[in-house]
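Thank you all for coming; I would like to walk through one structure this morning, going slowly enough that you can follow along on your own screens. Please have the sequence and the model open while I talk.

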Amino acid sequence: MTDPARLVVLISGSGSNLQAILDSCQSGQLHAQVVGVVSNKADAYGLQRAAQAGIPARVLPFRKGQHRQEYDCALAQIVSGWNPDWVILAGWMRLLSQAFLSQFPGQVINLHPALPDTYPGTHAIERAWADWQAGKIDAGGVMVHMVPDEGVDNGPLLNQQRIPFQENDTLADFEARVHAAEHTLLVETICRLIENA
Ligand code: GRF
């Protein structure tokens, strides 16, 4: 049996996707271990999830006026200290430059709550729901992709799931289905990466 894959997870908020990863490592569904968590927000609830799981965590706030490259180098130093096999952007809300990405070639993956080439950037769920309300689309979705460069939510696709809207869907109804799908898709995708490594 090979050693468990070493995962570093970057978060910015609730950390429900981090929790899905932690739970799947615990259950054995993922032959992996989360060896470190970094948040750019000190108040991210995901930090409590890491603490409850006994996972080392660091907070690296972006200082107003700080150069992105300086920040990304500091972030890379923290992350590389944990010697990750995979770096998982799970609810991470900052664009990463090559100052970071070049340190982890082919190892960085991102989860985004939209289908490929639809709603890059923030508020993707709300934007999709508004377009459904306007009769423009009949489904949203989630995807996991590689992050080879500074493109916004448009790296090589690893996995996706279409999420059709249902009659009388409120934004909250749809958002709940999106987050549930994220948790499943992210774990499934990491599982595949580990098996194929
Ligand atoms: C998720 O939709 C994620 O894709 C987005 O932030 C939401 C919350 O993620 N970037 P989490 O609960 O912090 O994992």
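When I say that a residue is around the ligand, I mean that one of its heavy atoms lies within 4 Å of it. Please keep in mind throughout that what you see is a predicted model.

With that cut-off, the residues around the ligand are Gly-13, Ser-14, Gly-15, Ser-16 and Asn-17, then Ala-90, Gly-91 and Met-93, and finally Pro-113, His-179 and Glu-182. Which of the side chains place a polar atom beside an oxygen atom of the ligand? Asn-17 has a polar side-chain atom 2.8 Å from an oxygen atom of the ligand, Glu-182 has one at 2.5 Å from a ligand oxygen, and in His-179 an N or O atom of the side chain is 3.4 Å from an oxygen atom of the ligand. On its own the ligand has 360 Å² of accessible area, and the protein covers 84% of that.

Asn-17 also brings us to helix 1, which runs over residues 16-27. At 1.5 Å a residue, its twelve residues should span 16 Å, and the C-alpha atoms at its ends are indeed 16 Å apart, so the expected and the modelled span agree. The buried residues in this helix are Asn-17, Leu-18, Ala-20, Ile-21, Leu-22, Ser-24 and Cys-25. What covers them? The cover includes strand 1, strand 2, strand 4 and strand 5, together with helix 2 and helix 6. Just after helix 1, Gly-28 takes a positive phi of about 90°.

One of the strands in that cover, strand 5, contains Asn-110. Is Asn-110 buried or exposed? Its relative accessible area is 8%, and because anything under 20% counts as buried, Asn-110 is buried. Its side chain makes a polar contact of 3.0 Å with the side chain of Asp-153, and, leaving aside residues up to four places away in sequence, Asn-110 also touches Leu-89, Met-143, Val-144, His-145 and Val-147.

Let me turn to the aromatic rings, where the structure holds four aromatic pairs. Phe-100 and Phe-104 form a tilted pair, with 4.8 Å from centre to centre and 45° between the planes, and both of these residues are buried. The rings of Trp-132 and Phe-165 also have centres 4.8 Å apart, but their planes are at 5°, so this pair is stacked. Here the pair links distant parts of the chain, since Trp-132 sits in helix 5 and Phe-165 in the loop between strand 7 and helix 6, 33 residues apart. Trp-132 and Phe-165 are both buried, and ring pairs join them with Phe-174 into a cluster.

Finally, a word on the backbone. Most residues other than glycine have a negative phi, which is why I would point out two residues here. Asn-83, in the loop between helix 3 and strand 4, has a positive phi near 50°, and at 52% relative accessibility Asn-83 counts as exposed. His-123, in the loop between strand 5 and helix 5, is likewise not a glycine and has a positive phi of about 55°; with a relative accessibility of 54%, His-123 counts as exposed too.

Key: Residues are numbered from 1 along each chain as its sequence is written. This is a predicted model: local features need pLDDT of at least 70, side-chain atom pairs count only at pLDDT 80 or more; totals for chains, interfaces and linings use all residues. Side-chain values use heavy atoms; hydrogens and water are left out. Helices (H or I, at least four residues) and strands (E, at least two) are DSSP runs, numbered from the N terminus. The expected span of a helix is 1.5 Å times one less than its number of residues. Buried means under 20% relative accessible area, exposed over 50%, partly exposed in between (1.4 Å probe, protein chains only). Contact means heavy atoms within 4.5 Å. A polar contact is a pair of N or O atoms within 3.5 Å; within protein, one must be able to donate a hydrogen and the other to accept it, and residues adjacent in sequence count only if both atoms are side-chain atoms. Accessible areas come from the Shrake-Rupley method with a 1.4 Å probe; for residues, only the protein chains shown count as cover. Rings of Phe, Tyr and Trp (its six-membered ring) pair if their centres lie within 6.5 Å; planes under 30 degrees apart count as stacked, over 60 as edge-to-face and the rest as tilted.
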